[in-house]
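Visitor: Could you walk me through how the helices pack, how the rings pair and where the cavities lie?

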Amino acid sequence: MTIKQLSYFLAVVDTGRFTQAAALCRVAQPTLSKQIRSLEEDLGETLLTRGHDNVTLTAAGEALLPLARRIVADSETARMEIAELAGLRKGRLRLGATPSLCVSVVADVLEVFHGRYPGISLQIAEGGSQDLVADLQRAQLDLALVIDRGETVGDLAFTPVLREELVVVSARAWPDLGGHVGIAELAEHPLVINREGYELREVTLAACAAAGVTPRIAVEGGEMDAVLRMVERGLGVAIVPSLVLAGHPTLRATRLDMSGEHADRAWSHRTISLAHRTDVAPTRAAQAFREDLLAVLARTSRTGHLPPGVRYVHPPTLTA
């Protein structure tokens, strides 16, 4: 049993296809298939059931999966730690973040981080919080800035760093929504919502359901940039984090009126946390990024340069 074989096994599990797994691992499919068979022979058990359209785990495969993830992750951590002994002159940081953070906080922090450690390769994954949490659990990311629901997720730790307000965004030419707008009133307007995997989509639909209203969905399925562009074109309104409004002068933000509506849930605000795995020691590059993140956010908060509706959450000392 080798690290390479376990990596191939994980690739097949994550993609559900031998062809896609081979492409992900950058090897020929026969090579990958041979390595999987060798792994099964070594263990004396069939790990995967090969179907016509997909691949599923056997009981033995289910038992091996969490162990394989940990072994591969530990191996990668060890390799990166050895590479970083030269004082962070080389290495890699795999960071995930939501689109609203990628165009604001992440860009600012990476400017500082890259200036200090230009030899560190930066790999940024942009997506919804649910997707990023899954990638973090699969050891495809070192850190992720995600929306924190306050729920316990196995082998992951969440450290709050920002608190942001959700607002209703509309085009300047759209009928004025006034100073505030409630969910019942919002349901009278066509909505533009993100694709599945976005925390924002789930929050929007849950708020409508809790208010007993059925949303009029005009467009669904887009990334954040697409949602904003659709709103700019007058296709509807959307609930978005206030962070994304920078650089969109043609859009108008309206605060959500929560009086009498889900006030106890305070869903119109959300917490952004830095997530990391607890079963794998963080690399030195990940530790350095966390330090730079907190330093940049603290400084931006002191100077009053955080966007409207966003405030810094002073976290406790981050644990490994």
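Guide: Happy to! Axes here are lines fitted to C-alpha atoms, for helices over the stretch in contact, and angles run from 0 to 180 degrees between N-to-C directions. This is a predicted model, where local features need pLDDT of at least 70, side-chain atom pairs count only at pLDDT 80 or more, and totals for chains, interfaces and linings use all residues. Residues are numbered from 1 along each chain as its sequence is written, and side-chain values use heavy atoms, with hydrogens and water left out.

Visitor: At roughly what angle do the axes of helix 1 and helix 3 cross?
Guide: Helices (H or I, at least four residues) and strands (E, at least two) are DSSP runs, numbered from the N terminus. Helix 1 covers residues 3-15 and helix 3 residues 29-43, and their axes come within 9 Å. The crossing angle is roughly 110 degrees.

Visitor: Is helix 1 roughly parallel or roughly perpendicular to helix 3?
Guide: Angles under 35 degrees count as roughly parallel, over 145 as roughly antiparallel, 65 to 115 as roughly perpendicular and the rest as oblique. The axes cross at roughly 110 degrees, which means that helix 1 relative to helix 3 is roughly perpendicular.

Visitor: Which residues of helix 3 does helix 1 meet?
Guide: Contact means heavy atoms within 4.5 Å. From helix 1 come Q5, L6, Y8, F9 and V12, and their partners in helix 3 are L32, Q35, I36, S38 and L39.

Visitor: What is the centre to centre distance of the aromatic pair F113 and F289?
Guide: Rings of Phe, Tyr and Trp (its six-membered ring) pair if their centres lie within 6.5 Å; planes under 30 degrees apart count as stacked, over 60 as edge-to-face and the rest as tilted. That rule gives two aromatic pairs. With 70 degrees between the planes, F113 and F289 are edge-to-face, and their centre to centre distance is 6.0 Å.

Visitor: How many residues apart are F113 and F289?
Guide: F113 belongs to helix 6 (residues 105-116) and F289 to helix 11 (residues 284-302). The pair thus links distant parts of the chain, 176 residues apart.

Visitor: What is the volume of the largest cavity?
Guide: On a 1 Å grid over the protein atoms alone, a cavity is a set of points where a 1.4 Å probe fits but cannot get out; lining residues have an atom within 4 Å of a point. Grid points are joined across faces, edges and corners, and a volume is the space filled by probe spheres set on the points. There are two cavities of 30 Å³ or more, and the largest has about 70 Å³.

Visitor: Which elements give two or more residues to the lining of the largest cavity?
Guide: The lining includes P99, E199 and L200. The elements are helix 5 (99-102) and helix 9 (199-210).

Conventions. On a 1 Å grid over the protein atoms alone, a cavity is a set of points where a 1.4 Å probe fits but cannot get out, and a pocket is an open set with protein on both sides within 12 Å along at least five of seven lines; lining residues have an atom within 4 Å of a point.
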